[in-house]
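Here are my notes on the model, set out as numbered points so that each can be checked beside the coordinates. They take up surface exposure, charged pairs, enclosed space and a few local contacts.

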Amino acid sequence: MLAHQRQELLTQKKLLQDQNAQLQLLLTLTHRISQTDDFQSALTITLTKICQTIDWDFAEAWIPNPKETLLDCSRGWYSRDPTFDLFRYHRKTTTFAPNIGLPGRVWVSKKPEWITEISAESACCCLCAEGGLNLDLNTGVGVPILFRDRVLAILVFFKQARSEPEPRLIDFIQLIAAQLGTLIQRIKVETALFEANQKLKYLVTIDGLTGIANRRKFDQYIHREWQRLFREQLPLSLILGDIDFFKRYNDTYGHQAGDDCLRNVATKIRLLVKRPADLVARYGGEEFAVILPNTDAKGAIHVAETIRQGVENLKIPHGGSEISKYVTLSLGVSSLIPNPLVNIEALINQADQALYRAKAGGRNQTVAEYSIPANLYCTI
């Protein structure tokens, strides 16, 4: 009688210890999960901690593909023994369809499933990988991660020893799964918000017609590069280009053709200006700008001439032009090293004056300007 009572007390003590360990794990995981923005890392942490606490051998997670037609093996997993590595390697290339295998069945039922004896089922239904049965995996458990009745992932655990269903254990894993469900949804919402913000930032700095940077982006970029190159004392160059007789082009071919012309010219300039640090922008109606950081006057003139020749080589017919039967560009180039004696308007004014000279001198040419008007000098 006393021996039976002693055994009962030991059993109760063990149960309390297990429950306390699980509670501590739940608190720890809840904190860790709430601190991470990486779902795959959260999965690995969760699977590892659960397996170590409940003393199981292998764990993995399955996630519906974007079309929700198959379950793919996630990057999160746990193995207590290196002999499971080959099993994991095969699992990475495995997929489960709805109702196929333990993950597939849990996916459809949206309920946990416990398999006491895996060997009693076909290998394809449970393991779906070479070597799975050779590892003597006898018990399997699958638990869905749900959010508003939608399956976000399936947690799967394997054990080599045969084990009967434990409702408390399933309840415990479900509590963890609920935390992961909240995390997944939070990450999805934050990711969607981030992508929307990035798209908005992109849209407000891109010219809607040509797809290159707009005037707002130009102003932001030239000020940023001016400050950077002021610190580094390196040259900053600017090219302003204007399509020759563009008003006549519109009058001759119509505004739709004019828009197509602007798009073609913008695309050509963007293709010819290849350095990542350079910026091509639509500066005005038919006017384009190219910002060339760390480029001297000689280099900027070379780029401008490449652009001029490239646009002319497009051979866009222009019956209203007085200088060519094709669309051409006039370009003005300026270049200086930012310094306390001048302001940023000096660079822009130089390029504008050079462009004026290019147009006044016959168009379809590149002119560089080096003089700085007195009113653009800064007072120290």
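1. Does Glu 164 count as buried, partly exposed or exposed, and at what relative accessibility? In this predicted model, Glu 164 has a relative accessibility of 45%, and because the partly exposed class runs between 20% and 50%, Glu 164 counts as partly exposed. Its salt-bridge partner is Arg 162, with the closest N and O atoms 2.6 Å apart. Arg 162 itself is exposed, its relative accessible area being 52%, a value that falls in the exposed class because that class is set at over 50%.

2. Salt bridges number 22 in the structure, and the pair of Arg 162 and Glu 164 is one of them. As general background, side chains of opposite charge can pair when their charged atoms come close. The next two points take up further examples.

3. Where do Arg 215 and Asp 219 lie with respect to each other? Both belong to helix α7, which covers residues 215-232, and they are four residues apart, or about one turn of the helix. An α-helix has 3.6 residues a turn, so residues three or four places apart point the same way. The side chains of Arg 215 and Asp 219 do meet in a salt bridge, with an N to O distance of 3.5 Å. Arg 215 is partly exposed at 36% relative accessibility, and Asp 219 is also placed in the partly exposed class, at 31%.

4. A second charged group deserves a look, namely the network of salt bridges that links Arg 224, Glu 225, Arg 228 and Glu 232. Within this network, Arg 224 forms a salt bridge with Glu 225, and the closest N and O atoms of the pair are 3.7 Å apart. The two partners are in unlike surroundings as far as accessibility is concerned: Arg 224 is partly exposed at 47%, whereas Glu 225 is buried, with a relative accessible area of 4%.

5. Turning to open space, the largest pocket holds about 310 Å³. Its lining is made up of 15 residues, and those that lie nearest its centre are Ile 63, Pro 64, Asn 65, Leu 152 and Lys 188. Two or more lining residues come from each of the strands β1 (58-64), β2 (71-79) and β6 (150-159), and likewise from helix α6 (167-204). By residue class, the lining of this pocket divides into nine nonpolar, two polar and four charged residues.

6. Enclosed space is a separate matter, and here the structure holds one cavity of 30 Å³ or more. The volume of the largest cavity is about 30 Å³, and the elements that give two or more residues to its lining are β7 (236-243) and β9 (287-293). The residues that line this cavity include Ile 239, Leu 240, Phe 288, Val 290 and Leu 331. Which classes do the lining residues fall into? Eight are nonpolar and one is polar, with no charged residue in the lining of the largest cavity.

7. Gln 40 sits in helix α2, residues 39-54, and counts as buried at 16% relative accessibility. A polar atom of its side chain lies 3.1 Å from the backbone nitrogen of Arg 75. Leaving aside residues up to four places away in sequence, Gln 40 touches Ile 63, Ser 74, Arg 75 and Gly 76; of these, Ile 63 is also named among the residues nearest the centre of the largest pocket.

8. Ser 321 offers a comparable case in a loop, the one between α10 (297-313) and β10 (329-336). With 14% relative accessibility, Ser 321 counts as buried. Its side chain reaches the backbone nitrogen of Ile 323 at 3.2 Å, and the side chain of Ser 321 also reaches the backbone oxygen of Ser 324, at 3.3 Å.

9. Finally, helix α4 (residues 101-109) is mostly covered, since seven of its nine residues are buried. Among them are Leu 102, Pro 103, Arg 105, Val 106 and Trp 107. The residue that follows α4 is Lys 110, and its phi is positive, near 60°.

Methods:
Residues numbered from 1 in each chain as written. Predicted model: local features only at pLDDT ≥ 70, side-chain atom pairs only at ≥ 80, totals over all residues. Heavy atoms only, no water. 1 Å grid on protein atoms, 1.4 Å probe; cavity = no way out; pocket = protein on both sides within 12 Å on 5 of 7 lines; lining within 4 Å. Points joined across faces, edges and corners; volume = space filled by probe spheres on them. Nonpolar A, V, L, I, M, F, W, Y, C, P; charged D, E, K, R; others polar. Buried < 20%, exposed > 50% of the residue type's maximum accessible area, 1.4 Å probe, protein only. Polar contact = N/O pair within 3.5 Å; in protein donor to acceptor, adjacent residues only side chain to side chain. Contact = heavy atoms within 4.5 Å. Salt bridge = Lys/Arg side-chain N within 4 Å of Asp/Glu carboxyl O.
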